[in-house]
Amino acid sequence: MTDTINMTPPTLCYYKTAQELKLPVKLLPGIGGFSITLGSQFYCILRAIVPFNTLSNVQIVGNKFRMNALLTRRGFPRPKTTGATKQMYENNMLNLSNIDFPVVAKPTVGTDGGEGVNCNIKTEA
């Protein structure tokens with residue numbers, strides 16, 4: 001189990017769950033991951049990257065505006081959102097008539113640790 005020390009918390013959680021489910025897991029020494037072979041299919045699990053997260057899924061959930069659009073179409077409750085480009089913001093071309101204040105403004109991607117997030121904006125000005 002010493003190779004599990006290099007696993008990220010999500011990978012370790014997946015590993016322990018796979019063991020509890022008695023799946024044929026095999027540690028991948030030195031990379032902090034593990035593999036599962038099911039029939040002729042080989043799956044490698046590393047960090048939060050799992051074989052079930054296709055690139056198209058990652059592209060959708062990695063963009064807040066796309067993800068909100070998908071959630072809306074599927075009927076999930078969520079806060080109102082609107083999309084805007086940097087140019088729209090800089091040229092005062094935003095239509096905020098359907099938005100209730102206070103609001104949170106954040107980029108569609110790359111807000112790890114809250115970077116780029118502006119909270120509790122009380123007015124349009």
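**Exercise 1. Describe the surroundings of Ser 35, and decide whether the residue is buried or exposed.**

Step 1. Leaving aside neighbours within four places in sequence, Ser 35 is in contact with Pro 24, Val 25, Lys 26, Leu 28, Phe 42, Tyr 43 and Cys 44. The model examined here, and throughout these exercises, is a predicted one.

Step 2. Ser 35 itself lies in strand β2, and its bridge partner in β3 is Cys 44, a residue that also appears among the contacts of Ser 35.

Step 3. Ser 35 has a relative accessibility of 3%, and because the cut-off for a buried residue is under 20% relative accessible area, Ser 35 counts as buried.

**Exercise 2. Work out how the strands β1, β2 and β3 are arranged, and where helix α1 lies with respect to them.**

Step 1. The three strands form an open sheet in the order β1-β2-β3, with antiparallel pairing. The edge positions are taken by β1, residues 25–28, and by β3, residues 41–46, each of which pairs on one side only. From one strand to the next, the twist averages 25 degrees.

Step 2. Strand β2 covers residues 33–38 and is joined to β3 by six bridges, the two strands running antiparallel. One position to inspect is Gly 33, which stands opposite Leu 46 in β3; another is Ser 35, whose partner in β3 is Cys 44.

Step 3. The connection between β2 and β3 is a hairpin with two residues between the strands, and Gly 39 in the turn has a positive phi of about 65 degrees.

Step 4. Helix α1, residues 9–20, lies across β1, β2 and β3, and runs at about 35 degrees to β2.

**Exercise 3. Place this sheet within the chain as a whole by stating how many helices and strands there are, and in which pattern they follow one another.**

Step 1. The chain has four helices and five strands, and read along the sequence they follow the pattern α-β-β-β-α-α-α-β-β.

Step 2. Of the 125 residues in the chain, 14% are buried, and Ser 35 is one that counts as buried.

Step 3. When contacts between residues at least 6 apart in sequence are considered, 25% join residues at least 24 apart.

**Exercise 4. Examine the backbone at Lys 22, Asn 120 and Pro 102, and say what is notable in each case.**

Step 1. Most residues other than glycine have a negative phi, and most peptide bonds are trans.

Step 2. Lys 22 is not a glycine, yet has a positive phi of about 60 degrees. Lys 22 is found in the loop between α1 and β1, and at 73% relative accessibility Lys 22 counts as exposed, since the cut-off for that class is over 50%.

Step 3. Asn 120, also a residue other than glycine, has a positive phi near 60 degrees. Asn 120 is found in strand β5, and with a relative accessible area of 42% Asn 120 is partly exposed.

Step 4. The peptide bond from Phe 101 to Pro 102 is cis, with omega near 0 degrees, and Pro 102 is found in the loop between α4 and β4.

**Exercise 5. Characterise the largest pocket by its volume, its lining and the residues closest to its centre.**

Step 1. Rolling a probe the size of a water molecule over the atoms shows where empty space is left. In this model, the largest pocket has a volume of about 1,200 Å³.

Step 2. The largest pocket is lined by 34 residues, of which Thr 82, Val 103, Val 104, Ala 105 and Lys 106 are the closest to its centre.

Step 3. At least two lining residues are supplied by each of α3 (64–73), α4 (86–90), β4 (103–105) and β5 (118–121). By class, the lining comprises 16 nonpolar, 12 polar and six charged residues.

**Exercise 6. Locate Gly 83 and identify which residues Gly 83 touches, not counting those up to four places away in sequence.**

Step 1. Gly 83 has its place in the loop between α3 and α4, and is partly exposed, with a relative accessible area of 34%.

Step 2. Not counting residues up to four places away in sequence, Gly 83 touches Phe 65 and Met 88.

Step 3. Gly 83 and Lys 64 are 19 residues apart along the chain, and their C-alpha atoms are separated by 9.6 Å.

Definitions and conventions: Residues numbered from 1 in each chain as written. Predicted model: local features only at pLDDT ≥ 70, side-chain atom pairs only at ≥ 80, totals over all residues. Heavy atoms only, no water. Pairing = 2+ DSSP bridges. Axes fitted to C-alpha atoms, helices over the stretch in contact; angles between N-to-C directions. Contact = heavy atoms within 4.5 Å. 1 Å grid on protein atoms, 1.4 Å probe; cavity = no way out; pocket = protein on both sides within 12 Å on 5 of 7 lines; lining within 4 Å. Points joined across faces, edges and corners; volume = space filled by probe spheres on them. Nonpolar A, V, L, I, M, F, W, Y, C, P; charged D, E, K, R; others polar. Buried < 20%, exposed > 50% of the residue type's maximum accessible area, 1.4 Å probe, protein only.
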